[in-house]
Amino acid sequence: MENRIAVISILVRDRDATDAVNHLLHEYGDCIIGRMGIPHRDRCSIITIVMDCAADQVSALSGKLGRIDQVHVRSMMAR
């Protein structure tokens, strides 16, 4: 399967969810080529991930992240 460049945006509304998020990001670490995290005071944490992998891996990570309570995820892939 052909690799694609993808961007995943993650909003973490509850700091208790960060361990689960970081565990998943570590699990997919071979695909991640960039990561930027921005803590927004007491409101939320914003994480942006850039990946280079197969589309099904991007979908799998997005789906797993989206199942974590208080975590909101959106992904976009280049054609």
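**Exercise 1. Work out in which pattern the helices and strands follow one another along the chain.**

Solution. Start at the N terminus and read along the sequence: the pattern is β-α-β-β-α-β. Next, tally the elements of this predicted model: the chain has four strands and two helices. Finally, look at how contacts link distant parts of the sequence: among contacts with a separation of 6 or more, 67% join residues 24 or more positions apart.

**Exercise 2. Decide how the radius of gyration of the chain agrees with that of a compact globule.**

Solution. Take the expected value to begin with: a compact globule of 79 residues would have a radius of gyration near 12 Å. The chain itself has 12 Å, so the two agree. To add the outline, the C-alpha trace spans about 40 × 20 × 20 Å along its principal axes.

**Exercise 3. Find which residues of the largest nonpolar core touch the most other members.**

Solution. Begin with burial: 32% of the 79 residues count as buried, the cut-off being under 20% relative accessible area. The largest nonpolar core holds 20 residues, and those touching the most other members are Ile8, Ile10, Val21, Met51, Leu61, Leu65 and Val71. Then trace the suppliers: strand 1 (3–12), helix 1 (18–27), strand 3 (44–54), helix 2 (55–66) and strand 4 (71–77) each give at least two residues to this core. Now zoom in on Ile8: leaving aside residues up to four places away in sequence, Ile8 touches residues including Ile47, Met51, Val58, Leu61, Leu65 and Val73.

**Exercise 4. Describe the charged side chains of the chain.**

Solution. Count each sign: there are 10 positive and 10 negative side chains. Then compare positions: the centres of the two sets lie 8 Å apart.

Methods:
Residues numbered from 1 in each chain as written. Predicted model: local features only at pLDDT ≥ 70, side-chain atom pairs only at ≥ 80, totals over all residues. Heavy atoms only, no water. Rg over C-alpha atoms; globule rule 2.2 N^0.38 Å. Buried < 20%, exposed > 50% of the residue type's maximum accessible area, 1.4 Å probe, protein only. Contact = heavy atoms within 4.5 Å. Lys, Arg positive; Asp, Glu negative; His and termini not counted. Charge placed at Lys NZ, Arg CZ, Asp CG, Glu CD. Core = buried A, V, L, I, M, F, W, Y, C linked by side-chain atoms within 4.5 Å.
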